Amino acid sequence: LERGVYPVPFAVAYDCIVPVVHPENPAKDLTMAQLKAIYMGEIKNWKEVGGPDLRINLYGRENSSGTYAFFKEVVLGGADYAPHCQTLPGTAAVVNAVAQDAAGIGYGGTAYAKGIRECAVRRHAGEPAVLPSAEAVKDGSYPLSRHLFFYLRKSPQGDAKKFVDWVLSPQGQSLVTEVGYFPV
């Protein structure tokens, strides 16, 4: 908005933010309310949500991250994270920490979910638990999805338009899927 420039957004993919746990953690799913209580430090032990009798170790992103801001807004309702949440510089670091910590929980984009187990999410207790998928994004059943955008200074023309058109083409959208995101 500086200097009279109003960026033009183009949604090019969907990302799903997914809670991740150690592969041996038996907790299969969490409600949005449980996720909030965990990350605010109100639920402190895995046994309270179907896991082992271990103190929950929280891992999250640094506060300059869009993923941090999205999780804080959508899951925590704008409230602060628990003071003992360990902030790490990227989703890969969060996933690595959880992969080595049987009591850990983290979150990040599905494209990074390697060596850990994704935990399904329920909007409310008694509703179906949903894992991220193209279908769950399209039908709105997965509660932690968001668009990924390109922002341009103006409506694209020339080579910029060709590039945006390619990204939105079946070939470009197949690449979106290949790297772990979901097509628009």
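These legends walk through several close-up views of a predicted model.

**View 1. The cysteines Cys-16 and Cys-85, and the question of disulfides.**
How many disulfides does the structure hold? The count is 0. A disulfide would be a covalent bond between the sulfur atoms of two cysteines. For Cys-16, the closest cysteine sulfur belongs to Cys-119 and lies 14 Å away, which is too far for a bond. Cys-85 is in no disulfide either, and the nearest cysteine sulfur, again that of Cys-119, is 16 Å away. Is Cys-16 buried or exposed? Cys-16 counts as buried because its relative accessibility is 0%. Cys-85 also counts as buried, with a relative accessibility of 12%.

**View 2. Strand E3 and its two parallel neighbours.**
Strand E3 covers residues 57–61, and 4 of its 5 residues are buried, so the strand is largely enclosed by the rest of the structure. Which strands does E3 pair with? One is strand E5 (residues 104–109), which runs parallel to E3 and is joined to it by 2 bridges. If you would like a landmark for this pairing, look for Leu-58, whose bridge partner in E5 is Ile-105. The other is strand E4 (residues 86–88), also parallel to E3, with 3 bridges between them. Here Arg-61 stands opposite Leu-88 in E4. To get from E3 to E4, the chain passes through helix H2 (residues 66–74), and this β-α-β crossover is right-handed.

**View 3. Tyr-68 in the crossover helix.**
Staying with helix H2, this view picks out Tyr-68, which is found in that helix. Tyr-68 counts as buried, because its relative accessibility is 15% and the cut-off for buried is under 20%. Thr-87 is 19 residues away from Tyr-68 along the chain, and the C-alpha atoms of the two are separated by 9.4 Å.

**View 4. Strand E5 and its antiparallel partner E1.**
How many of the 6 residues of E5 are buried? The answer is 6 of the 6, so E5 is largely enclosed by the rest of the structure. E5 pairs with E1 in the antiparallel sense, over 5 bridges. In this pairing, Val-21 stands opposite Ile-105 in E5. Ile-105 will be familiar from the second view, as the bridge partner of Leu-58. As a general reminder for reading such a view, side chains in a regular strand alternate between the two faces of the sheet.

**View 5. The largest pocket and the residues around it.**
This pocket has a volume of about 170 Å³. What lines the largest pocket? Its lining includes Val-12 and Ala-13, the run Leu-148, Phe-149 and Phe-150, and also Trp-166, Val-167 and Gly-172. Leu-175, Val-176, Val-179 and Tyr-181 are part of the lining too. Two or more lining residues come from each of strand E1 (8–21), strand E8 (145–152), helix H5 (158–168) and helix H6 (170–178). In terms of character, the lining residues divide into 11 nonpolar and 1 polar, with no charged residue.

**View 6. Asp-165 and Ser-169, seen from Val-12.**
Val-12, one of the residues lining the largest pocket, is a handy reference point here. Asp-165 lies in helix H5 and is partly exposed, with a relative accessible area of 39%. In sequence, Asp-165 and Val-12 are 153 residues apart, yet their C-alpha atoms are 9.9 Å apart in space. Where does Ser-169 lie? Ser-169 sits in the loop between H5 and H6. With a relative accessibility of 18%, Ser-169 counts as buried. Ser-169 and Val-12 are 157 residues apart in sequence, with a C-alpha to C-alpha distance of 9.9 Å.

**View 7. An enclosed cavity beside Leu-58.**
Rolling a probe the size of a water molecule over the atoms shows where empty space is left. How many cavities of 30 Å³ or more does a search of the whole structure find? The search finds 1. The largest cavity has a volume of about 30 Å³. Its lining is made up of Ile-43, Lys-44, Arg-55, Ile-56, Leu-58 and His-84. These residues divide into 3 nonpolar, 1 polar and 2 charged. Leu-58 links this view back to the strands, since its bridge partner is Ile-105 in E5.

Technical notes
Residues are numbered from 1 along each chain as its sequence is written. This is a predicted model: local features need pLDDT of at least 70, side-chain atom pairs count only at pLDDT 80 or more; totals for chains, interfaces and linings use all residues. Side-chain values use heavy atoms; hydrogens and water are left out. A disulfide is a pair of cysteine sulfur atoms within 2.5 Å. Buried means under 20% relative accessible area, exposed over 50%, partly exposed in between (1.4 Å probe, protein chains only). Helices (H or I, at least four residues) and strands (E, at least two) are DSSP runs, numbered from the N terminus. Two strands pair if DSSP finds at least two bridges between them. A crossover is right-handed if, with the strands pointing away from the viewer, the path from the first strand over the helix to the second runs clockwise. On a 1 Å grid over the protein atoms alone, a cavity is a set of points where a 1.4 Å probe fits but cannot get out, and a pocket is an open set with protein on both sides within 12 Å along at least five of seven lines; lining residues have an atom within 4 Å of a point. Grid points are joined across faces, edges and corners, and a volume is the space filled by probe spheres set on the points. Ala, Val, Leu, Ile, Met, Phe, Trp, Tyr, Cys and Pro count as nonpolar, Asp, Glu, Lys and Arg as charged, and the others, Gly among them, as polar.
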